[in-house]
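Trainee: Hey, can we go through this model together? I'd like to find my way around the strands and then look at a pocket.
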Amino acid sequence: MKTLPRRGTAFDELMVGTVRLAGEAGARPIRLDLAVRADRVLLPHRTTDARLTGRVRIGGLADDPSAAGELEISPLARRRIRYRIELRSGERRLTLLGWKSVTARRPLESMTVLPFTLLEDGAAVGRGTLRFPLATALLPFVASWRFPRPAAAPADGPGATARAVERELTPRWDGTPGRTEVWYTTLTDPADGTGLWLHHELTAPTDGTPAREHGWIALFPPGGPPEHTRYTVEPGDADAPGRLRGTAGPYSWDLTERFTGPPLYTFPRWAWRRPLLPAAHMLPAATSRYTGTVTGPRTGLRLDGAPGATARIYGHGNARRWAWLHADLGGGDVLEVVAAVSHRPGLDRLPPLVFLRLLHRGRTWPRSSARSALGGFRTVIGLPEWTVTGRTALRRITVTVRQPEDRTLALDYTDPDGSRAVCRNSESADARITVERWRGRWRQEHAWVLDGTAHAEVGGR
């Protein structure tokens, strides 16, 4: 019987306070926003070592979003909780050393007050006190606790990821009439901002006639209008995983695809495994990098590690109305949004369901892919601009997407039942993404601005 890896511990912590630097009469404000990760379940009777990452801000001195260090948690065995955090202030390297001495006589104060010393090159340059603000930070602190299983060992990790990606690239269609299966790749050339869209589709008509496979290639150069051409292929003539090659009229492409992230399920995973919904969407790899060449009559690309992704759709045809966004946020982070109104009678009267997945620092929000669709998330679909807003208990997000007309390409689809739909796609769209967290009031936690590098689409009938 296979043994599952043991669980770890993860939580977020906020502390605020003041620090008095050597030679200064007044104190400076200091704030720590920390993520704590341990490879074992934290139990109070034993000592647990954990990793610290996060942001440290000291008024007028430092604002380091990549601070890191160690945390020793031993409230009973050693009666202490010890912090060591390395941070930067310009060219200066500082170390924050803090120590909570846990005592039964003052349990609350000793667990929430952290005296600390600020060091530079081993010498003390400041002293201060940090406090855990119970009134505003207790609820987010409690809600952030997780007990995840650690990632597989490095020897198994890359192979396991590759197998998962290849499994999700395997064709799904089993010969059943009335089905549509789509593979598409979108990417941005980091050299000049040109966007690329490769679309491959299989459509099996509802009347039982033979399935047809076709697709298109579209380029979105920054200095001109989009260009494209369609092509047809022989059934089953699909690319091997990790390779994209083809010709269509004056266009040709030969790309290798390096998968740099795990699969991301935009819809609930069960919806992809069991085709019960009208359609389902997922990304075999949340992030990928592309190397090779693309040539066209007006545009030629020589790509080297261009960021993008390959996605898949399987279902009964296109929605009545929909909007889609893929935003590569850098550093392995990505935002994927699908908002749609079903074409099925009855369901077509509902407002758009929003499926939103934000992969940030290895964690996906919301935790459940059904969470955004079942409440609290809304979209206003239109052109040239559309928006998505949503919130959970402690976070909320605002997404604004803009598809300028001169950077948008209109193409038509034919469903298995013969009905038609039109998509308006831009692989050089703009996006503004803001994430806020509740800490007594809404405070901005993250923000991204994509100018011409977002991939977006609005469609309808």
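Trainee: Okay, which strand is V233 in?
Mentor: V233 sits in strand 12, which covers residues 227-233. Keep in mind that this is a predicted model.
Trainee: What does V233 touch, leaving aside its neighbours within four places in sequence?
Mentor: With those set aside, V233 is in contact with H200, E213 and H214.
Trainee: And how far is V233 from D39 in space?
Mentor: From C-alpha to C-alpha, they're 50 Å apart. Along the sequence, 194 residues separate V233 and D39.
Trainee: Back to strand 12, then. How does strand 12 pair with strand 11?
Mentor: They pair in the antiparallel sense, over seven bridges. For instance, I217 has T229 in strand 12 as its bridge partner. The two strands form a hairpin, with six residues between them.
Trainee: Which way does strand 11 run against strand 10?
Mentor: Antiparallel again: nine bridges join strand 10 (residues 195-204) to strand 11. Look for L196, which stands opposite L219 in strand 11.
Trainee: Is strand 11 mostly covered or mostly open?
Mentor: Mostly covered. Strand 11 spans residues 212-220, and eight of its nine residues are buried. Buried here means under 20% relative accessible area.
Trainee: Where do side chains point in a strand, generally?
Mentor: In a regular strand they alternate between the two faces of the sheet.
Trainee: New topic! How many strands are in the closed barrel?
Mentor: Eight, running 1-2-3-4-5-6-7-8 with antiparallel pairing. On average, neighbouring strands of this sheet are turned by 30° against each other, ignoring direction.
Trainee: Can you walk me through one pair from there?
Mentor: Sure, take strand 1 (residues 9-21) and strand 2 (residues 28-38). They run antiparallel and are joined by 11 bridges. Within that pair, V16 stands opposite R31 in strand 2.
Trainee: Now the pocket. What volume does the second largest pocket have?
Mentor: About 1,000 Å³. It's lined by 48 residues, and the closest to its centre are F267, P278, A279, A319 and A340.
Trainee: Which strand gives the most to the lining of that second largest pocket?
Mentor: That's strand 9 (residues 179-188), with four residues.
Trainee: And how does the lining of the second largest pocket divide into nonpolar, polar and charged?
Mentor: There are 28 nonpolar residues, 13 polar and seven charged.
Trainee: Great, I'll go and find those in the viewer.

Conventions
Residues numbered from 1 in each chain as written. Predicted model: local features only at pLDDT ≥ 70, side-chain atom pairs only at ≥ 80, totals over all residues. Heavy atoms only, no water. 1 Å grid on protein atoms, 1.4 Å probe; cavity = no way out; pocket = protein on both sides within 12 Å on 5 of 7 lines; lining within 4 Å. Points joined across faces, edges and corners; volume = space filled by probe spheres on them. Nonpolar A, V, L, I, M, F, W, Y, C, P; charged D, E, K, R; others polar. Pairing = 2+ DSSP bridges. Axes fitted to C-alpha atoms, helices over the stretch in contact; angles between N-to-C directions. Contact = heavy atoms within 4.5 Å. Buried < 20%, exposed > 50% of the residue type's maximum accessible area, 1.4 Å probe, protein only.
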